Amino acid sequence: MATLEKIRQKGLLLSIVIGVAMLLFIIGMVDFNSIFGSSRQNVAEVDGEEITIMEYEQRVDEMSSFYKIEMGQSSLPDQYVEQVRASVWSSLLKERILGKQCEKIGIVVTDEELEKNISSETPHPMMTQLRVFYNQEKGGFDNTIVEQVKAAAESEPTGDVAKYWSFVTRTVKTQLLDDKYSALTGASININNIDAQYNFNAGRGAAIAYTNTQYSTISDSLISVSDKDLKNFYKEKQNKYYRENESREIEFLSFPIEPSESDYADIKAWIEDLQKEFFTSDDFVAVCNQNSDESYSGVAQSKATVDADIADFAFSGKAGDTFGPQLFGKTYKMARIVETGITAPDSAKVRHILVMEATPERTQQVADSLLAALKGGSDFAAAAKAFSKAGTGANGGELGWLKDGDFDKEFSAACIKAPLNGYVTYPMNGGVQIINVTEKTKPVAKVKVCVLSRAVEASSQTYGQLFNVASQYMAQNTTLEKFESAADPAQGQFIRNYTISSADTRVSDLKDSRQIIRWAFENKAGDVADKVFECGDKFVVAALKSVSKKGYPEISEIKEQLTQDLRKEKKGELIASDLEGKLAGGDDIAVTGTVNTLESVSQASQYLNGIGMEPVLAATVANMTVESKPAVVKGNNGVYVVKVTSVAEAGEFNAASEVSQLANRRPYKYMIYSSLEKAADVEDNRINFY
């Protein structure tokens, strides 16, 4: 009743708000998107400029079409989808951030300039690398193909070719802007002799002797840390703890979707029912192909390539012999030998010429002429470059090593059977293949064996039971404390922790787990998910342990980490003081501990063998000589006393040469854009859409 009364009290005000909004909408003064959240349509904002989900998905569609056409496939493999989305995100950010900078200083790419870089005899380097614009007969980029693709895109503006063309032209334009901006900004950067010396030292390798005193040699209880100490330490080291992006720490428990004993029994009974028909039927291949997880290919196999589980049986029996059913891992298998006594190579090194003309008659005529010329001594590679319609023509027709059964099995069989260094023809897909085998592996014993296999999977009943187990855990443990404590290791239940950002595409090794990330970014710390997530072959229940906001954290949020870091720093000071006292200005580092040695330590060393990641130690060594006194270095894993024993110089230092090398690498190009991206105000809303 109280709630109803509140609604009545607010009813008049609510009616007025809705009425005004409707009136403004009708007369065109307001967009309902702005009232009720147009941000729901934006996948991002970059410095206040919106990127809508429609634009983002259009770009994903264009890039997908680009890769499909370049790869010659009708669809993209699943693993490419996440990569395409990530690439589109990066390219959109670059277009917005770089575009705004270019607009400010008047850098443009004119239509004429873009046309020249796309369609001319001297195009942008990107164009010359694309498969579509490669002419086999010409042996390189062909501008006439560009014009054909452009015309095709204009004639069908919603097709894959149009999307391909849009992606290519936009990418070239962005690259031209990037080149111009980099040239302008790069001209303002002076690479001096200090940079040159730094670059030279990075290539110098030094042999060192060192001792290492671990921080753990001092007990934590001996190092006092007050709140005032933490406050001062945080003030000094604040930038170290800055968070570039918001993150969340989740906890999850997975329940494998595994078949039950009953599922194994059902598949065992099923395959045993098929056994008699498979073993006795004249049409056993049809029985196999209608019921097996893997169809019978009819390809002869050696002991190295046949199914390892039935190899001994296959090479010890005769045609008609049978085997199984037997369980191997999670798969039941039975087999029947089709043919034995086969001796043939496993592989052949092949080159080919694909002849395909306007008519079958013309195709055969050209193939016959080429075959005669080749048998008369004509150069195969030259003929392939001139006449082959396959992409391998540019490489002299080289297919490389081909195994029996690779690609089209009849084609590979023809290659295996072809005489060494001879020529045979093979009709294929409306064309004629001229095959030349230049090498073969040694002949080996082979068999043809038909294997009927069936993997045991969780049945719908088992699936439901496992889902119920996961659901019960979720329902009975609705608080973070209960969620963490209820897991029973004796039943294989282990809580796992994982830190995620909104840009992550999966959680740890869980398949299809983007859904968990979305849930985590829609909820608050301490929440337990009210649904079971299906992630590939696992059911997953999850809880949100903590939220780490972007920016500088409060001391209370990172107090434990700050305490550990401050303790380590204080230990380092104590250990370093003790080691310096032991050295007392001398050169004998043995007085500071057990001496170890290491070769080839340079400024560029990312990882020191036997030590780990120690950038400060590597940088210190880079600035030492054999004559240098031992240095005491506070590192990540302990305090080191290091002495350089020898130095392998990277040639003779030449400042001008080093400056030239650095200028050619143009590191500023990446540094400047990285700085621009960090400075940009980017609001990433991708988590709201997928």
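Analyst: Two strands count as paired if DSSP finds at least two bridges between them. Please also keep in mind that the model discussed here is a predicted one.

User: How many bridges join strand β9 and strand β12, and in which sense do they pair?

Analyst: Strand β9 (residues 347–355) and strand β12 (residues 431–440) are joined by eight bridges, and their pairing is antiparallel. To see one position in this pairing, look at R351, which stands opposite N436 in β12.

User: Which strands make up the sheet, and in what order do they stand?

Analyst: The sheet is open and has four strands, in the order β10-β9-β12-β11, with antiparallel pairing. At its edges stand β10 (398–403) and β11 (423–428); each has a single partner strand, so one side of each is left without a neighbour in the sheet. From one strand to the next, the twist averages 40°.

User: Which helices should I look for against these strands?

Analyst: There are two to find. Helix α14 (residues 360–375) lies across β9, β11 and β12, and runs at about 25° to β12. Helix α16 (residues 409–417) packs on the sheet as well, touching β9, β10, β11 and β12, and its direction makes about 45° with that of β12.

User: I should like to turn to charged side chains. What is the general idea, and how many salt bridges does a search of the whole structure find?

Analyst: Side chains of opposite charge can pair when their charged atoms come close. In this structure, the search finds 38 salt bridges. One of them joins R96 and E55, whose side chains meet at 2.8 Å, N to O. R96 belongs to helix α4 (residues 78–105) and E55 to helix α3 (residues 53–71), so this pair ties together parts that are 41 residues apart in sequence.

User: Are these two residues buried or exposed, or in between?

Analyst: The cut-off for buried is a relative accessible area under 20%. R96, at 11% relative accessibility, therefore counts as buried, whereas E55, at 21%, counts as partly exposed. Both residues also take part in a network of salt bridges that links E49, E55, R59, E95 and R96.

User: Which salt bridges involve helix α20, and how far apart in sequence are the parts they tie together?

Analyst: Two cases can be followed here. In one, D220 forms a salt bridge with K571, with the closest N and O atoms 2.6 Å apart. D220 sits in the loop between β5 (205–214) and α10 (227–237), while K571 sits in helix α20 (residues 559–583), so parts that are 351 residues apart in sequence are tied together. D220 is partly exposed at 40% relative accessibility, and K571 is buried at 7%.

In the other, the side chains of E569 and K237 meet at 3.6 Å, N to O. E569 lies in helix α20 and K237 in helix α10, so this pair ties together parts that are 332 residues apart in sequence. E569 is partly exposed, with a relative accessible area of 27%, and K237 is partly exposed, with 28%.

User: How many disulfides does the search find?

Analyst: A disulfide is a covalent bond between the sulfur atoms of two cysteines. The search of the whole structure finds zero disulfides.

User: Why is C450 without such a bond to C288?

Analyst: The criterion asks for cysteine sulfur atoms within 2.5 Å. The sulfur closest to that of C450 belongs to C288 and is 3.6 Å away, which is too far for a bond. C450 itself is buried, at 0% relative accessibility. Another cysteine, C415, is buried with a relative accessible area of 1%.

Note on methods. Residues numbered from 1 in each chain as written. Predicted model: local features only at pLDDT ≥ 70, side-chain atom pairs only at ≥ 80, totals over all residues. Heavy atoms only, no water. Salt bridge = Lys/Arg side-chain N within 4 Å of Asp/Glu carboxyl O. Helix = DSSP H or I, 4+ residues; strand = E, 2+ residues; numbered from the N terminus. Buried < 20%, exposed > 50% of the residue type's maximum accessible area, 1.4 Å probe, protein only. Axes fitted to C-alpha atoms, helices over the stretch in contact; angles between N-to-C directions. Contact = heavy atoms within 4.5 Å.
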